[in-house]
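The report that follows goes through one protein chain, taking up a buried polar site, the nonpolar cores, selected helices and strands, and some backbone details. It is meant to be read with the sequence and the coordinates at hand.

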Amino acid sequence: MKKLIYLCIFLLVLLAGCKKDFLNKTPQIELTEETAFNNYDNFKTYTWGLYDYFSGYGNGGDDYPPSLKSSDCNSDDLAITLAGLQSPYAYQTKVIKGIADNTPAGSLSIAQWDFRYIRSVNVMLDNIDRSQMNQADKDHWRSVGYFFRALRYYDLIAAFGDVPWIEHKLSDTSAVLFAPKTPRDLVAKNILENLVFAESHIKAAGEGPNTINTSCVRALISRFGLFEGTWRKYHNLGSANIYLQACKTYSEKLMLSFPTCMSNYDDVYNLEDLTGQPGIILFKQYANNLNDHFSGSRILGSANSYVDVSKNAVESYLCTDGRPIGSSSVYAGDNTMYNAFRNRDRRLYYTVVPPYQVVVGKPNYTWSKTTNPTDAEYIDLLASYISANPIKKSLPMAQWSQTMQTGTTISMSPHFRNFNAGQPQSVGELGYYYWKIYNRSPLSTKNSYATTDCPLLRIEEVWLNYAEAMFELGMFNQSVADQTIRNLRQRANVANMVVADINTSFDPARDPDVDPVLWEIRRERRVELLGDGFRFNDLKRWKKGIYLNKQQLGVKVNNADFGNKLNISGGGTSGYVQFFGVPPGWLDKYYFEPIPSQEIVLNPALKQSAGW
C-alpha cells in the first residue's frame, strides 16, 4: 500500500459528486465519469482512495487508533479513565444524535449512519461495464469494489441491523432515498454473495504486494461469516450455519496459504515494515513525511494517555500451565502486581506495563536498579525477550523524546495519576496501563509522529474465527485446537489447550451459560485481539452486553503505600483501585445504534432502531 498514501483524493471527491451537465455533453478537457473510467489504470488509480477506509493507527493528529476508542474502550477490556468519557453503554449515557456524524468512516468498528463510502464504491462499479477492459479485468475490478463495499456494509449491519442496500450511485431523486430499510437477511445475503464472487474472480496477487487480493477476500469472509453466523444464532434469526460454514470453508483455504505467524507478538504491532512477515495478509503502511501516525510512544509516554486495562481483562490471561487463574497451580495471587503478573501469558506483558521500580538519576533519563531484586523481575524478563533490538519494548518505560534516550525515565509501575513520584507522564487511574503500541522506534521528522505499520488482516484472527466457527458447527476437537490455538499459545509461552481437560470446573469464573470449551475459545480471542477493535462487536454478537454491567477495577494495593491518595473500591485501607463507580448497566436496545433523528425526518419510511 505504499502507493495508497496520497493518491487521487481530488479524483475521489470529484467523482463522488459529478453529474452530466444540462446539455448532456461530455466536456473534452475536464475529468468526468465519462472520461475517467476507460481503462485498467483508471480503475487502479481510483481504488487507491478506497483504502483510506482502513484507519489503522490513525493519521496525523489522532491520539489513539480509532478502533481502540470506539470499540475496546466501550467494552469490558479497556476504559478511558477521564471524567465524562466512561462507556456510554455501561453507564446509559448513549443518546440519539440529531444529525448524522459526517466525520470519516475511518474504522471497522466506528458506527455511523453514513453511506458516502458506499457511493464512492458504487461510482466505480457502475462504470465497469462501459469501460474498454476485457472481461477478466472487469471481473477483477468488480471484485475489488465488492470487497470494499462489503467491508462497509459489515460495519453498518453490525451497528444498525437493517440498513438500505444500495447497489448503484444515487441521484437526488432516486427512490431508495425515500424507501424503508432493507431487511438484514437480504443485506447479509448480498454481502456474502458479493464476496464469494470476488474470491473466485479477483486477481490472486491483486495489484502487487499489500493490495486487495484473494487472501484478503477470504479473510473478510472468515470475519463476516463468524460475525453474522453467531449473531444469528444468539439473536435467534435463523440461517446461522450458512455463514458459519462460509467462515469454515474460506478460513481453511487461507490457513493453507498462511501456515505460520510472526514469532514475536510485540513485533506484530511495533515494526517499521510488515512487508513479507509471516501471517500478515494486509497492513496499513506508514512512511516518513508522507503518511504517519501520532506515535503510540509519544502519547503513552506523556501525561495525556487515559487508557487503562480492566482487572477483569488482566485476569482473563492464562497462566503458563495453560489454566486460568482460578485453577492454576502456578498462579501467585494478586496481593501485589508482581504476584499477579508472575507465570502468565506473555501477551499480558506486551499489553500492560508490567510492575517494576528503579532509581532515576540526574539527568532524569538515567536510571539504576534498586536494592530489591523483585523490583527488577520484569525488567530482566522483558530484556530476555527483546535481545539486543533497541526499538522494542523494554523497562523502565520512558517519556517520549526524539531519540528515546533523553526523555524522563518513569520510575515505577503501577504509576498513578494521584501518586506519581513527581512524574506526571505515563500515569493511569487503575494501575494497569495500556502500552501495546509503545516502542522505541525512531520517530518521523515531525517529531511526535511515527511510521510503524499497522496490521489489518492477519492469520491469527482467522485461526480464532475458524476455531469458534468449528465449535458452533459441532466440529471442534483436539485437532482443530492444534491447528489454531496451539500456534498462539506457543508464541505466548503458554501450554497448549487440551480439550479433554476442560470441564465445568476448569474456570470457576466462567459464565455458566457458556460451554466450558467455548469459553476457552472466546478467552483466546479476547487476549490475542485485546485493543484491536473487536471486543465490543464480539459481546454484541454473543448477546453478552451484560458483561459491561460490572465495575472496572484495577490493581490491588495498600493505600498507605501510595500516600492514601487512591480511590479503593468499597472503601477501606486496601483493595482494588477504582475510578468510575458501579455502572447502571447494559440496555438491550444498545445491540443496535440509533438512527440520527434528522435522517428519519428526511425519510419517514425509515423506522428507528428497536427500543430507541
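Which side chain does the side chain of K436 join through a polar contact of 2.9 Å? The partner is Y265, and the contact is between the two side chains. This and every other value below refers to a predicted model.

**The surroundings of K436**

K436 is found in the loop between β7 and β8, the latter formed by residues 449-450. A relative accessibility of 2% places K436 in the buried class, because burial is taken to mean a value under 20%. Besides the contact with Y265, a polar atom of the K436 side chain lies 2.6 Å from the backbone oxygen of L530. When neighbours within four places in sequence are left aside, K436 is in contact with a set of residues including Y265, D266, Y269 and N270, together with Y350, T351 and K393. The stretch towards the later part of the chain contributes E528, L529, L530 and D532 to the contacts of K436.

**Nonpolar cores and cysteines**

In soluble globular proteins, nonpolar side chains tend to be buried together. In this model the largest nonpolar core has 101 residues, and the members that touch the most others are F147, F148, Y153, V163, I191 and F476. Helix α6, which covers residues 135-160, supplies the largest share of this core, with 14 residues. Not counting residues up to four places away in sequence, Y153 touches F115, I118, V163, P164, W165, I166, V187 and I191. Another core, of 57 residues, lies apart from it and has C73, Y317, W435 and I437 among its members.

C73 counts as buried, with a relative accessibility of 4%, and C247 is likewise counted as buried, at 0%. The number of disulfides comes to zero when a pair of cysteine sulfur atoms within 2.5 Å is required.

**Helix α8**

How far apart are the end C-alpha atoms of helix α8? They are 30 Å apart, which agrees with the span of 30 Å that its 21 residues, 214-234, should have at 1.5 Å a residue. Of these 21 residues, 19 are buried, and α8 is therefore described as mostly covered. At the N-terminal end of α8, N213 acts as a cap, with a side-chain oxygen 3.1 Å from the backbone nitrogen of S215. Following α8 comes N236, whose phi is positive, near 55°.

**Strands and their pairing**

Strands β6, β5 and β7 form an open sheet in the order β6-β5-β7, with antiparallel pairing. Because β6 (367-369) and β7 (412-413) each have a single partner strand, they stand at the edges, and one side of each is left without a neighbour in the sheet. Strand β5, residues 356-360, is joined to β6 by three bridges, and the two run antiparallel. W367 in β6 is the bridge partner of V360.

A further antiparallel pair is made by β2 and strand β9, the latter of residues 454-458, over four bridges. Within this pair, L282 stands opposite L457 in β9. Five of the five residues of β2, which spans 280-284, are buried, so β2 is largely enclosed by the rest of the structure.

**Backbone details in loops**

Two peptide bonds that precede a proline are cis, and the table sets them out with the loop in which each proline is placed.

| Cis peptide bond | Omega | Loop holding the proline |
|---|---|---|
| K362 to P363 | near 5° | between β5 and β6 |
| S413 to P414 | about 5° | between β7 and β8 |

The loop between β7 and β8 also holds A421, which has a positive phi of about 55° although it is not a glycine. A421 is partly exposed, with a relative accessible area of 48%. K543, found in the loop between α20 (535-541) and β10 (553-558), is another residue other than glycine with a positive phi, in this case near 60°. The relative accessible area of K543 is 39%, and K543 is accordingly classed as partly exposed.

How values were computed:
Residues numbered from 1 in each chain as written. Predicted model: local features only at pLDDT ≥ 70, side-chain atom pairs only at ≥ 80, totals over all residues. Heavy atoms only, no water. Expected span 1.5 Å × (residues − 1). Buried < 20%, exposed > 50% of the residue type's maximum accessible area, 1.4 Å probe, protein only. Polar contact = N/O pair within 3.5 Å; in protein donor to acceptor, adjacent residues only side chain to side chain. Pairing = 2+ DSSP bridges. Contact = heavy atoms within 4.5 Å. Core = buried A, V, L, I, M, F, W, Y, C linked by side-chain atoms within 4.5 Å.
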